[in-house]
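Ready for a few short exercises? Have a look at the sequence and the structure, try each task yourself, and then follow the worked solution.

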Amino acid sequence: MDATIHRLKNARIAMFFGDHPPAHVHLLGPGFKVSIEVATLKSRGRADSRIVAEAKVWIAENEELIMRIWNERGAKR
């Protein structure tokens with residue numbers, strides 16, 4: 001199961017509950033899926049570089065919120 005934690009213009013940032021470490025989110029949009037690590041902002045997958053850059057800015061600015069969600073519901077137990 002996943003939950004959207006933020007919406008961008010043509011994509012969303014989501015977390016898959018019970019997902020594997022390290023803490024990361026998924027950037028999902030039409031025809032793409034990118035995984036982005038919270039601590040390093042390292043990404044895997046392909047999408048328009050502008051969308052990925054916008055997502056990384058939001059992730060960096062909201063790291064505390066993302067980690068709180070990850071620790072409460074995201075991390076595999």
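**Exercise 1.** Decide whether L41 is buried, partly exposed or exposed, and describe its backbone.

*Solution.* Keep in mind that this is a predicted model.
- Step 1: L41 has a relative accessible area of 23%.
- Step 2: Buried means under 20% and exposed means over 50%. L41 therefore counts as partly exposed, at 23%.
- Step 3: To place the residue, go to the loop between strand 4 and strand 5, where L41 sits.
- Step 4: Now check the backbone: phi of L41 is positive, about 60°, although this residue is not a glycine.

**Exercise 2.** Work out the order of the strands in the sheet and find which strands are at its edges.

*Solution.*
- Step 1: The sheet is open and has 5 strands, in the order 1-2-3-4-5, with antiparallel pairing.
- Step 2: An edge strand here pairs on one side only, and this holds for strand 1 (2–7) and strand 5 (43–44).
- Step 3: Look inside the sheet at strand 3 (residues 24–29) and strand 4 (residues 32–37): they run antiparallel and are joined by 6 bridges.
- Step 4: For one of the bridge partners, start at G29 and cross to F32 in strand 4.

**Exercise 3.** Explore the loop between strand 2 and strand 3: is D19 buried or exposed, and which peptide bond is cis?

*Solution.*
- Step 1: D19 is in this loop, which follows strand 2 (12–16) and leads to strand 3.
- Step 2: D19 counts as buried because its relative accessibility is 12%, and the cut-off is under 20%.
- Step 3: Follow the side chain of D19 to its polar contact with the side chain of H24, at 2.9 Å.
- Step 4: P22 also lies in the loop. The cis peptide bond is the one joining P21 and P22, with omega about 0°.

**Exercise 4.** Show how the buried residues of helix 1 are arranged around its axis.

*Solution.*
- Step 1: Helix 1 (residues 49–61) has 13 residues and reaches 18 Å from its first C-alpha to its last, close to the 18 Å expected.
- Step 2: List the buried residues of helix 1: I51, V52, A55, W58 and I59.
- Step 3: Viewed down the axis of helix 1, these buried residues fall within an arc of 125°, so they line one face.
- Step 4: An α-helix has 3.6 residues a turn, so residues three or four places apart point the same way.
- Step 5: Turn to the other side of helix 1, where S49, R50 and E61 are exposed.
- Step 6: Finish at the N-terminal end, which D48 caps: one of its side-chain oxygens lies 2.7 Å from the backbone nitrogen of R50.

How values were computed. Residues are numbered from 1 along each chain as its sequence is written. This is a predicted model: local features need pLDDT of at least 70, side-chain atom pairs count only at pLDDT 80 or more; totals for chains, interfaces and linings use all residues. Side-chain values use heavy atoms; hydrogens and water are left out. Two strands pair if DSSP finds at least two bridges between them. Helices (H or I, at least four residues) and strands (E, at least two) are DSSP runs, numbered from the N terminus. The expected span of a helix is 1.5 Å times one less than its number of residues. Buried means under 20% relative accessible area, exposed over 50%, partly exposed in between (1.4 Å probe, protein chains only). The arc is that of the directions from the helix axis to the C-beta atoms. A polar contact is a pair of N or O atoms within 3.5 Å; within protein, one must be able to donate a hydrogen and the other to accept it, and residues adjacent in sequence count only if both atoms are side-chain atoms.
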